[in-house]
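Me: Could you take a close look at the aromatic rings in this model for me? I would like to see how a pair of them sits, and what lies around it.

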Amino acid sequence: METSLIDNEKTESRLMYAVLKWRNSHITDRQMTIILAFFIGFFASVAAFFLHFIIKEIQLLLTSSFTTSTYNWWYLVFPVIGIFITSLFVKYVVKDNISHGITRILYAISSKQSKLKGHNCWTSVIASAITIGFGGSVGAEAPIVLTGSSIGSNLGQLFKMDNKTLMLLVGCGAAAAIAGIFKAPIAGLVFTLEVLMVDLSMASLLPILIASVTATCFTYIFMGSNSLFTFHLDGEWIVGRVPACILLGVTCGLISLYFIRMMTACEGIFGRLKDHRYVKLVIGGLMLSSLIFLFPVLYGEGYSAINILLNSSTEADWSKLLNNSLFYGHGQLLIIFVGLVVLTKVIATSATNGAGGCGGTFAPSLFVGAFSGFLFSRIWNMYNLGIYIPEKNYTLLGMAGVMAGVMHAPLTGIFLIAEITNGYDLFIPLMIVSTCSVMTISIFEPHSIYAMRLARQGKLITHHTDKAVLTLMSMDSVIDKDFISVSPDMPLGKLVNVISKSHSSFIPVLNSGGELLGEVDITKIRHIMFRTELYTKFHVQQIMTPVPAKLSINDRMEDVMRKFEIKNTNYLPVVDTDNHLTGYISRTRAFSMYRKMVEDFSNE
């Protein structure tokens with residue numbers, strides 16, 4: 001049996017070698033990238049179709065018998081079951097962390113040369129489908145983006161593409177995933193440019209466009225021509241509504257700030273319970289199921305509730321939001337209900353992921369935005385704060401505003417909402433609201449919810465080439481570990497012998513435990529080096545000097561470069577957490593590598 005397996009592996013290896021050899025002879029790297037972009041788009045659309053299909057079937061099976069006129073006790077049970085099944089799947093099948101899909105993509109780009117694990121091509125689809133189908137209050141977009149990016153990364157690795165092309169293929173996968181799940185090719189492209197990619201040239205846009213359009217076309221084939229949300233413009237937009245748009249944008253920015261801060265706080269609470277799996281399940285499950293029982297619109301992605309807001313104009317229509325809840329039949333409490341939903345959605349999302357579920361914040365940001373836009377416009381009209389504004393139009397604008405603020409991506413908010421609702425007639429107010437939202441939240445939060453975690457660790461690729469290159473540079477690549485050290489009690493005579501074998505202008509001084517005490521600068525002891533009568537009278541500890549600065553093995557390269565500038569020195573020692581010398585970094589070598597990476601990074 002083992003011999004058969006080995007023979008099969010050898011056959012596969014020979015076959016792959018033959019394929020790669022033929023490819024290298026007949027297809028250029030650029031042509032191969034375009035071919036891979038097409039297949040990435042196709043596979044991403046297939047993944048998006050299966051994810052939505054599984055979610056829909058699970059929800060139909062569980063909730064089809066619910067009555068709208070009363071509350072349902074099953075809301076207290078289904079979400080917990082879903083999270084429990086998901087946690088078992090992750091623990092015993094996946095055996096890896098698959099949460100925070102888009103953050104993991106950013107981390108892969110920043111720290112692992114865009115290499116994502118093979119299981120990410122399918123595990124996020126299964127885990128998020130179970131979580132959302134059973135009522136987890138999260139979105140399917142981040143998992144499907146991780147799936148698409150992983151498909152791009154693994155296809156690129158299979159065909160031995162270089163790291164820069166891998167980064168491009170990861171972007172193709174992300175764009176295809178967004179385009180496929182929303183039928184929005186432009187939004188997929190813009191999302192990749194704003195959130196993931198760095199300094200793309202016009203030539204690099206072609207593969208992303210191909211992946212996005214391919215995913216969109218196949219999604220139409222699989223799922224028909226209907227949009228994810230149905231929307232019909234309620235009157236034309238007029239200039240007199242600009243003040244309301246600006247104020248809504250600022251409101252969305254503040255709500256985005258609440259979204260990010262509350263999400264971070266909840267993640268911190270569950271993070272402290274990381275070694276107590278079942279405690280997290282109980283706490284998170286109880287929080288989630290209780291909130292869904294009180295506010296059933298929090299069940300799953302909540303897109304049906306958004307559609308109610310986008311297609312309603314009367315109190316009776318809006319009151320459908322109260323179905324299945326304790327609020328049913330109390331239409332006068334609608335505003336309070338909507339306000340509480342805006343505040344609790346992010347808690348429900350955090351509880352879902354914190355308890356062990358799998359899902360993203362993309363859909364929750366759209367959900368919170370829709371309810372915020374409706375709440376803003378309803379209060380505006382109820383109290384006659386200005387010219388009348390249509391609630392359904394401002395529901396749409398709120399979706400763009402909060403999503404743009406949470407993601408720090410105004411163009412994505414504009415194009416995604418315009419494409420998924422065919423709401424191009426609201427392009428100008430979409431621009432106003434999204435821009436004002438991002439400007440508002442940028443005062444308080446410099447990074448998006450996805451990038452924030454990596455930014456705190458110094459592992460985030462930015463849209464600035466110099467900072468991006470410093471992020472990609474690793475300490476190991478510039479550390480020189482070939483050094484000769486001396487002890488503090490070594491006499492000058494033996495030190496001179498060591499100096500004759502050294503290739504540098506300094507000698508590190510270490511104690512018996514390997515800790516760095518200082519260094520001997522050869523240029524400063526020339527006046528006694530050749531006086532043999534002093535060879536037994538002077539010892540290293542008498543002539544050594546303190547090091548100008550120390551670098552930690554965990555320092556960011558940006559901080560390393562800054563220390564070189566501040567101390568104006570050519571070499572700096574690198575020590576571990578116990579002050580043991582690891583090696584030295586040469587300023588010349590570090591800057592040479594930096595310049596080479598900038599050149600490679602900027603060239604197509």
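Reply: Helix α2 (residues 29–63) holds both Phe49 and Phe53, set 4 residues apart, about one turn of the helix. Bear in mind that this is a predicted model. The two rings form a stacked aromatic pair, with 6.1 Å centre to centre and 20° between the planes; the planes count as stacked because they are under 30 degrees apart. Phe49 has 26% relative accessibility and so counts as partly exposed, and Phe53, at 44%, is therefore partly exposed too.

This pair has company: ring pairs join Phe49 and Phe53 with Phe38, Phe39, Phe42, Phe43, Phe50, Phe218 and Phe222 in a cluster. Across the structure there are 23 aromatic pairs.

For another arrangement, look at Phe327 and Phe337, an edge-to-face pair with centres 5.1 Å apart and 70° between the planes. Phe327 sits in the loop between α13 (315–318) and α14 (334–355), while Phe337 is in helix α14, so the pair ties together parts 10 residues apart in sequence. Both Phe327 and Phe337 are buried.

Phenylalanines also feature in the largest nonpolar core, which has 111 residues; Phe182, Phe191, Phe362 and Phe371 have the most contacts inside it. Helix α15 (residues 362–382) gives this core its largest share, 11 residues. Leaving aside residues up to four places away in sequence, Phe362 touches Phe182 and Phe191, along with Glu141, Ile178, Met403, Met407, Leu416 and Tyr450. A separate core of 22 residues includes Leu20, Ala175, Ala211 and Ala215.

Note on methods:
Residues are numbered from 1 along each chain as its sequence is written. This is a predicted model: local features need pLDDT of at least 70, side-chain atom pairs count only at pLDDT 80 or more; totals for chains, interfaces and linings use all residues. Side-chain values use heavy atoms; hydrogens and water are left out. A nonpolar core is a set of buried Ala, Val, Leu, Ile, Met, Phe, Trp, Tyr and Cys residues joined through side-chain atoms within 4.5 Å. Buried means under 20% relative accessible area, exposed over 50%, partly exposed in between (1.4 Å probe, protein chains only). Helices (H or I, at least four residues) and strands (E, at least two) are DSSP runs, numbered from the N terminus. Contact means heavy atoms within 4.5 Å. Rings of Phe, Tyr and Trp (its six-membered ring) pair if their centres lie within 6.5 Å; planes under 30 degrees apart count as stacked, over 60 as edge-to-face and the rest as tilted.
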